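Good morning, colleagues. I would like to use these few minutes to introduce a structure that may be new to many of you. Please look at the display before I begin.

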Amino acid sequence: MAVTEVAQSRRVVTEIPGPKSRELQERRVAAVAKGVGSVLPVYVTRAGGGIIEDVDGNALIDFGSGIAVTNVGNADPRVVERSAEQLGRFTHTCFMVNPYEAYVEVCEALNRITPGDHEKRSILLNSGAEAVENAVKIARSATGRQAVVVFDHAYHGRTNLTMALTAKNMPYKQGFGPFAGEVHRMPMAYPYRWPTGPENCGPEAAAMVIDQITKQIGADNVAAVVIEPIQGEGGFIEPAPGFLPAIVEFCRANGIVFVADEVQTGFARTGDMFACDHEGVVPDLITTAKGIAGGLPLAAVTGRAELMDAVHGGGLGGTYGGNPTACAAASASLEAIESDDLVGRAREIGDLMLGRLRKLAEEHPVIGDVRGRGAMIAIELVEEDGTPAPKVLAEVLSYCHSQGLVLLSAGTYGNVIRMLPPLVIGDDLLNEGLDILADAFARL
Ligand SMILES: *Cc1c(COP(=O)(O)O)cnc(C)c1O
């Protein structure tokens with residue numbers, strides 16, 4: 001595991017946010033557009049392992065990883081060293097003008113570690129949204145079809161096409177239309193809220209989706225089905241067993257490109273290298289970003305060679321896509337994930353968290369569901385009648401933040417607390433964070 005200079009202990013020496021953070025926040029309000037929010041406006045100076053240090057001298061426990069990005073931890077020395085070495089040689093040529101090895105190396109690694117042993121190709125981009133957009137472009141070009149199928153609670157990004165693919169209006173879409181056409185939304189296999197119970201959810205949801213695609217769109221018109229194998233922003237909804245394999249089978253039988261959006265679930269996060277691995281699902285195309293490069297901006301589409309190569313020369317690309325420094329960081333980060341067995345570590349984290357959270361749920365009926373895999377764990381908060389409890393969530397989050405625990409929310413109904421610790425966090429910090437969360441429920 002990476003050695004880090006950042007002391008691995010929580011330290012709260014001021015109110016949170018402290019005076020210096022509040023001062024910076026005032027400057028920010030005057031300089032930064034209001035549309036960009038921050039969950040917890042403490043201003044960061046340094047971070048590593050499971051700790052984020054702020055300008056006031058506080059050290060916070062990180063249960064967010066910058067939204068599932070710093071899987072290998074912040075400023076992992078191997079990532080820093082490789083990036084710095086690359087930065088010192090050249091910063092940019094544009095891969096579309098003069099190529100370089102670092103880009104090819106990342107594509108080779110992605111082709112090797114993503115699900116399936118078929119022949120693959122990859123393309124590198126800057127953001128998750130850009131990856132999803134490109135996956136749709138590739139699927140349309142390869143199939144000559146236009147329709148795209150997405151799901152309830154889906155999140156795929158903030159660009160025009162990916163807003164259309166995203167389910168939740170507020171805050172992602174409100175006022176930003178018109179949206180891209182030929183996007184069709186289907187029911188999601190959401191076990192906790194499935195009307196006939198979780199055990200029926202997988203097969204019933206799959207049958208509904210297949211029926212709706214057939215009746216409403218026509219399978220022959222569908223270029224791609226795009227789905228997160230565990231939904232992220234939507235509330236860590238893990239589709240009921242059997243749902244994904246049934247959808248894949250339907251896609252295969254009908255020439256539809258199955259796109260797994262693993263932007264949030266990828267790179268050991270869920271206790272498998274990719275969340276698709278859990279049920280042996282092999283996507284035709286897979287989109288990745290967040291956890292790929294230890295915090296540097298990079299994204300990718302990886303997929304079947306015959307689909308990826310169906311696009312005409314010059315049809316894909318972008319000025320910065322596969323920036324050399326980001327590629328160097330990705331190579332170092334992917335090596336760290338494999339050599340440190342972060343897949344195994346994510347499973348340990350999941351066992352620890354699920355065990356403690358299930359106990360907590362027994363004591364507090366407001367915790368209606370505990371779910372997730374690996375280091376991607378959530379609790380869904382509900383009233384006695386099962387309706388979402390977003391106000392309780394706000395109280396719990398606010399207490400945790402005040403105690404120096406960085407914790408995020410999610411969910412279509414704003415009632416899901418999601419936990420995404422860096423995979424290099426120690427058990428002591430993990431337990432301390434969960435103690436704070438338990439206190440928050442005890443105080444309600
Ligand atoms: C975050 C996310 C995106 C968008 O990624 P950006 O890098 O923010 O554009 C797309 N899909 C999923 C599943 C995500 O979690």
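Let me start with the ligand: one of its oxygen atoms lies 2.7 Å from a backbone N or O atom of Gly 128. Please bear in mind that this is a predicted model.

Two side chains also approach the ligand with polar atoms. For Gln 264, the distance from a polar side-chain atom to a ligand oxygen is 2.8 Å, and for Lys 290 the corresponding distance is 2.6 Å. Of the 380 Å² of accessible area that the ligand has on its own, the protein covers 82%.

Which residues surround the ligand? Besides Gly 128, Gln 264 and Lys 290, the surrounding residues include Ser 127, Ala 129, Tyr 155, His 156, Glu 228 and Asp 261. By character, the shell around the ligand consists of 3 nonpolar, 5 polar and 3 charged residues. The space that the ligand takes is the largest pocket.

I turn now to the cysteines. How many disulfides does a search of the whole structure find? The search returns 0. Why is Cys 107 not bonded to Cys 327? The closest cysteine sulfur to that of Cys 107 is in Cys 327, and the two are 7.3 Å apart, which is too far for a bond; a disulfide would require the sulfur atoms to be within 2.5 Å. Cys 107 has a relative accessible area of 9% and is therefore buried.

Cys 251 is likewise in no disulfide, with the nearest cysteine sulfur, that of Cys 276, 12 Å away. Its relative accessibility is 1%, so Cys 251 also counts as buried.

Thank you for your attention.

Conventions
Residues numbered from 1 in each chain as written. Predicted model: local features only at pLDDT ≥ 70, side-chain atom pairs only at ≥ 80, totals over all residues. Heavy atoms only, no water. Near = heavy atom within 4 Å. Polar contact = N/O pair within 3.5 Å; in protein donor to acceptor, adjacent residues only side chain to side chain. Areas by Shrake-Rupley, 256 points an atom, 1.4 Å probe, with all protein chains shown as cover. 1 Å grid on protein atoms, 1.4 Å probe; cavity = no way out; pocket = protein on both sides within 12 Å on 5 of 7 lines; lining within 4 Å. Sits in = over half its atoms within 2 Å of the grid points. Nonpolar A, V, L, I, M, F, W, Y, C, P; charged D, E, K, R; others polar. Buried < 20%, exposed > 50% of the residue type's maximum accessible area, 1.4 Å probe, protein only.
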